[in-house]
Amino acid sequence: MDQNYLLNSVDGVDVILIPGSGSSVCVFEPETQTSAGSSQPLRATILDKELVFQPTGNNIISEDELLKVIRWYSYRKTFS
């Protein structure tokens with residue numbers, strides 16, 4: 001996992017910052033938040049927990065980049 005993403009937590013919501021892009025991805029459980037981002041969120045199950053990955057920010061990230069973020073987050077949560 002050689003990506004340079006940054007992970008922060010804001011009010012119990014994990015926020016993954018994508019350096020240089022002006023974008024971020026909010027990670028939350030489906031029942032705790034409503035999607036307020038600019039594009040369609042993706043859902044993934046990590047460690048038996050369903051999570052929503054909602055891109056936010058000024059620039060729209062590609063689905064490919066969002067999948068990379070999800071893989072990075074999954075790896076980080078599983079092995080840290």
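User: I'd like to start with the largest pocket. Which residues line it?

Analyst: The residues lining the largest pocket are Gly12, Asp14, Val27, Phe28, Glu29, Ile46, Leu47, Lys49, Leu51, Tyr73 and Lys77. Keep in mind that this is a predicted model, where local features need pLDDT of at least 70, side-chain atom pairs count only at pLDDT 80 or more, and totals for chains, interfaces and linings use all residues. Residues are numbered from 1 along each chain as its sequence is written, and side-chain values use heavy atoms, leaving out hydrogens and water.

User: How do I read a pocket?

Analyst: Rolling a probe the size of a water molecule over the atoms shows where empty space is left. Here a pocket is an open set of points on a 1 Å grid over the protein atoms alone, where a 1.4 Å probe fits, with protein on both sides within 12 Å along at least five of seven lines; lining residues have an atom within 4 Å of a point.

User: Which elements each supply at least two residues of that lining?

Analyst: Those are β3 (23-28), β5 (49-57) and α1. The labels follow DSSP runs numbered from the N terminus (helices: H or I, at least four residues; strands: E, at least two).

User: On to charges. How many salt bridges does a search of the whole structure find?

Analyst: Side chains of opposite charge can pair when their charged atoms come close. The search finds four salt bridges (a side-chain nitrogen of Lys or Arg within 4 Å of a carboxyl oxygen of Asp or Glu). One of them joins lysine 77 to aspartate 14, with the closest N and O atoms 3.5 Å apart. Lysine 77 sits in helix α1 (residues 63-79) and aspartate 14 in strand β2 (residues 13-18), so this pair ties together parts that are 63 residues apart in sequence. You met both residues in the pocket lining.

User: Is aspartate 14 buried or exposed?

Analyst: Aspartate 14 is buried, at 14% relative accessible area, while its partner lysine 77 is partly exposed at 33%. Buried means under 20%, exposed over 50%, partly exposed in between (1.4 Å probe, protein chains only).

User: What about other salt bridges?

Analyst: Take glutamate 50 and arginine 43, whose side chains meet at 3.2 Å, N to O. Glutamate 50 is partly exposed at 39%, and arginine 43 is exposed at 54%. Then there's aspartate 64 with lysine 68, at 3.8 Å. That pair stays within helix α1, four residues apart, or about one turn of the helix. Aspartate 64 comes out at 45% and lysine 68 at 30%; aspartate 64 is partly exposed, and so is lysine 68.

User: Now the sheet. In what order do the strands come?

Analyst: Five strands make an open sheet, ordered β1-β2-β3-β5-β4, with antiparallel pairing (two strands pair if DSSP finds at least two bridges between them). At the edges are β1 (6-10) and β4 (42-46), each pairing on one side only. For a look inside the sheet, try β3 and β5: six bridges join these antiparallel strands. Valine 25 stands opposite proline 55 in β5.

User: Which backbone angles should I look at?

Analyst: Check phi at two aspartates. Aspartate 11 has a positive phi of about 50° although it isn't a glycine. You'll find aspartate 11 in the loop between β1 and β2, exposed at 79%. Aspartate 48, also not a glycine, has a positive phi near 60°. Aspartate 48 is in the loop between β4 and β5 and is exposed at 80%.
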